[in-house]
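Subject: Handover of a structure and its findings

Dear colleague,

Please find below the structure that I am passing on to you. I should be grateful if you would read the notes after it with the coordinates open.

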There are 2 protein chains.
Amino acid sequence: MESGANKPAVTLNDVALAAGVSLATASRSLNGSARKVNDTYRLRVVDAAQRLGYIPNLFAQAVAKGATTTVALLVADISDPYFSTIASGVIQAAESAGLVVTIAVTGRNPERELATVRALRGQRPRVMILAGSRMAGSPQEADLRKELSAFEENGGRVAFISQNAAPFATVLLDNRGGARALAESLVELGYRCFAVVAGPPTIVTSQDRLQGFRDGLAAHGLDLAEHHIAHTDFTRDGGYQAATDLLQAGLDDVDLLFAVSDVMAMGAMSALRDAGLEPGRDLGVAGYDDIPTVRDITPSLTTVRIPLEEVGRRALELAFGVAQGQDGAGQGGSSTIPVVTEVVRRDSTPRR
Amino acid sequence: MESGANKPAVTLNDVALAAGVSLATASRSLNGSARKVNDTYRLRVVDAAQRLGYIPNLFAQAVAKGATTTVALLVADISDPYFSTIASGVIQAAESAGLVVTIAVTGRNPERELATVRALRGQRPRVMILAGSRMAGSPQEADLRKELSAFEENGGRVAFISQNAAPFATVLLDNRGGARALAESLVELGYRCFAVVAGPPTIVTSQDRLQGFRDGLAAHGLDLAEHHIAHTDFTRDGGYQAATDLLQAGLDDVDLLFAVSDVMAMGAMSALRDAGLEPGRDLGVAGYDDIPTVRDITPSLTTVRIPLEEVGRRALELAFGVAQGQDGAGQGGSSTIPVVTEVVRRDSTPRR
DNA sequence: TTGAAAGCGCTACCAT
DNA sequence: ATGGTAGCGCTTTCAA
């Protein structure tokens with residue numbers, strides 16, 4: 001019970017000794033693939049391992065085999081339901097494949113993202129999954145690409161969850177299409193004048209959703225006024241802030257507020273309420289993502305559904321699919337899985 | 001660009017060769033601690049490493065040093081905001097300490113939890129943090145203890161986030177006290193007849209909160225009728241189900257519904273609504289945890305606040321604090337950090 | 001089938 | 001200060 005007693009862990013060697021066999025035989029009976037071991041020995045080894053409480057050192061295995069059983073997942077913010085739901089999917093898929101998942105947080109900071117990818121490469125993960133990354137526009141983009149390509153050249157696999165990250169495998173989120181469909185659906189419901197709570201202009205996801213929404217309106221001859229767009233953080237607080245700002249600037253003619261993510265929409269709804277407006281009654285509200293909670297809020301939120309858990313699972317499968325040479329839509333070995341997105345109408349957008 | 005081109009990764013040896021120095025010198029200039037290296041050499045090495053795109057193999061370092069930089073976090077369900085918020089805290093603390101976090105999911109299944117701990121031990125993490133584990137009552141409890149003790153004897157550290165897991169270090173959540181305070185606060189607000197949405201009887205957290213709630217009522221001479229308690233899954237859907245069941249059985253005289261977790265409370269509120277009851281107006285509702293979203297729902301939820309992110313950070317600090325021999329309240333090297341819990345009154349429990 | 005031994009990439013000790 | 005070199009725990013040839 002003393003603090004520093006650190007009895008060293010049981011090694012394979014200990015087991016071999018105890019079982020009276022060679023290291024090699026011990027290895028083969030415990031972790032080896034082919035069953036080339038006499039059952040008598042094998043049993044003795046297994047028994048000794050059990051008795052001694054042997055646990056194979058994964059790292060040592062990794063360096064000996066030159067391959068790990070790790071999947072690295074990069075997310076902007078794990079406490080954001082969007083990412084934690086995706087993470088849940090990745091973990092499910094990984095566990096059923098006997099892989100361990102490491103999660104790192106990038107905070108939507110390209111610099112941090114790059115640094116994290118570098119650090120993670122040291123772990124030699126089998127797969128790196130990047131969610132919520134923006135491959136476009138940042139000065140670090142080229143470096144990121146280079147880093148990831150190098151990773152792939154060393155046998156690693158990368159999968160993006162985003163809009164388009166060619167030449168890397170991607171679970172394709174059609175943000176533009178989804179937002180467009182949403183806009184059209186809202187017009188169909190009778191809404192005519194819109195405001196948007198958007199993320200920072202540097203975030204591609206936000207931009208795509210904004211643009212898609214515009215497209216959808218345009219298809220019906222409707223316009224989105226510049227002063228009806230507010231840009232802030234891609235967070236709940238950002239949503240609150242943006243809605244507050246819009247309100248201040250005047251939202252009298254607006255009949256629907258679209259927030260480019262559900263999390264932002266929730267913040268925005270609180271802002272509306274704090275300003276004395278009732279979402280759904282005084283003003284329609286719509287979001288994007290369909291995170292689990294939005295069906296439980298009041299009014300329940302109209303949004304665009306992304307099957308988040310599935311996206312996580314798919315990302316992992318995709319990475320391995322590519323590894324096995326099975327290519328999808330893309331040319332040249334990189335592939336892509338489109339994900340079905342769908343507008344979910346709820347109480348926050350009653351027919352007008 | 002061929003699929004199988006797998007150019008092997010650059011090793012420290014390659015760098016040493018390129019720089020014209022020995023392996024040892026290369027190691028020292030790149031990852032060594034003391035600055036015992038001539039700047040001329042050091043520069044040449046760093047330069048070569050840079051040029052070749054060398055990235056140290058963490059696993060190899062780990063086996064050579066006999067120590068890793070990994071923290072393992074076990075949670076019941078990462079998509080549950082309770083756990084993802086804790087995870088966020090753990091990750092923050094870990095990153096600032098240069099550690100990598102691995103997350104595994106146990107699904108509140110003791111068997112799975114045990115298996116996961118075993119598997120994780122193979123990673124030789126520095127620390128194992130167990131959140132949402134129930135050390136009590138399961139047949140696997142003894143095995144779990146044994147496994148964790150063995151892990152500690154090999155130099156690992158474990159920290160629990162729960163009620164009480166002696167002899168292991170614990171970030172102590174006073175579920176009973178919190179629930180008791182909540183009950184008293186509700187009585188003070190004028191509520192007199194209560195129903196509870198609880199988790200499975202096997203989950204200690206749920207039991208503690210239930211018992212604490214009872215205690216609080218009892219302190220005011222109030223009673224909790226058995227038929228006003230429903231047990232189900234510790235999830236949103238469980239909450240919905242339980243509330244539905246209670247409603248079916250008759251809730252006419254009840255003026256407040258307490259769900260032992262916020263997530264369950266959200267499900268329960270939806271159930272009430274679907275049954276035509278307006279939470280906060282027809283029936284007070286309270287939860288537990290104070291997950292981020294509950295301030296944004298309508299009515300905002302009265303609950304017991306746990307500083308979730310802080311809890312995650314503290315858990316990691318605690319584990320390391322213990323490692324450094326600084327002991328807290330406990331005797332014999334194990335220690336404990338109590339976390340301040342506080343009742344947050346919101347709109348779901350207007351004064352009666 | 002089994003065992004001896006050569007790595008895997010890196011660190012740390014021991015001389016020089 | 002630097003360079004050999006012996007491990008770290010494990011896998012995997014290669015003989016036997």
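The notes below take up confidence, the two DNA strands, a pocket and some backbone details.

Confidence

Please bear in mind that this is a predicted model. Chain A has a mean pLDDT of 92, with 93% of its residues at 70 or more. The pLDDT is below 50 over residues 322–332 of chain A, a stretch that has 11 contacts in the model beyond near neighbours in sequence.

DNA strand C

DNA strand C is surrounded by 26 residues, and the closest are A:T25, A:N38, A:Y41, B:L12 and B:Y54. Of the atoms of this strand that come within 4 Å of the protein, 69% belong to sugar and phosphate.

Three polar contacts may be worth displaying. A:T25 places a polar side-chain atom 2.5 Å from a phosphate oxygen of DNA strand C. A base is involved in the case of A:R28, where a polar side-chain atom lies 2.7 Å from a base nitrogen of the strand. From chain B, a polar backbone atom of B:N57 is 3.1 Å from a phosphate oxygen of DNA strand C. The elements that contribute two or more residues to the surface near this strand are α2 and α4 of chain A, together with α2 and α4 of chain B.

Which element gives the largest share of the surface near DNA strand C? That element is α4(B), with 5 residues. By residue class, the surface near DNA strand C divides into 14 nonpolar, 8 polar and 4 charged residues.

DNA strand D

Around DNA strand D there are 26 residues, of which A:L12, A:Y54, B:T25, B:R28 and B:N38 are the closest. Sugar and phosphate make up 69% of the atoms of DNA strand D that come within 4 Å of the protein.

Here too, polar contacts reach both phosphate and base. In the side chain of A:S27, an N or O atom is 2.7 Å from a phosphate oxygen of DNA strand D. A:Q61 has a polar side-chain atom 3.1 Å from a phosphate oxygen of the strand. For B:V63, a polar backbone atom is 3.4 Å from a base oxygen of DNA strand D. Two or more residues of the surface near DNA strand D come from each of α2 (23–30) and α4 (58–65) of chain A and α2 (23–30) and α4 (58–65) of chain B.

The largest share of the surface near DNA strand D is that of α4(A), at 5 residues. The residues of this surface comprise 14 nonpolar, 8 polar and 4 charged.

The second largest pocket

The volume of the second largest pocket is about 850 Å³. Its lining consists of 39 residues, and those nearest its centre are A:I55, B:R118, B:A119, B:R121 and B:E147. Chain A gives two or more lining residues from each of α3 (39–52), α4, α5 (81–96) and β2 (100–105), while chain B does so from β2 (100–105), α6 (110–121) and α7 (141–153).

How many residues does α6(B) give to the lining of the second largest pocket? It gives 7, the most of any element. The lining divides into 20 nonpolar, 9 polar and 10 charged residues.

Backbone details in chain B

Helix α4(B), already mentioned for its share of the surface near DNA strand C, has a side-chain contact at its start: a side-chain oxygen of B:N57 comes within 2.9 Å of the backbone nitrogen of B:F59. After α4(B) comes B:G66, with a positive phi near 75°. B:R108 also has a positive phi, of about 60°, although it is not a glycine. B:R108 sits in the loop between β2 and α6 of chain B.

Where are the cis peptide bonds of B:P167 and B:P299 placed? B:A166 and B:P167 are joined by a cis peptide bond with omega of about 10°, and B:P167 belongs to the loop between β4 (157–162) and β5 (169–172) of chain B. The bond from B:T298 to B:P299 is likewise cis, with omega near -10°, and B:P299 lies in the loop between β9 (284–286) and β10 (303–305) of chain B.

With kind regards

Definitions and conventions: Residues numbered from 1 in each chain as written. Chains lettered and ligands numbered in written order. Predicted model: local features only at pLDDT ≥ 70, side-chain atom pairs only at ≥ 80, totals over all residues. Heavy atoms only, no water. pLDDT = per-residue confidence, 0-100. Contact = heavy atoms within 4.5 Å. Near = heavy atom within 4 Å. Polar contact = N/O pair within 3.5 Å; in protein donor to acceptor, adjacent residues only side chain to side chain. Helix = DSSP H or I, 4+ residues; strand = E, 2+ residues; numbered from the N terminus. Nonpolar A, V, L, I, M, F, W, Y, C, P; charged D, E, K, R; others polar. 1 Å grid on protein atoms, 1.4 Å probe; cavity = no way out; pocket = protein on both sides within 12 Å on 5 of 7 lines; lining within 4 Å. Points joined across faces, edges and corners; volume = space filled by probe spheres on them.
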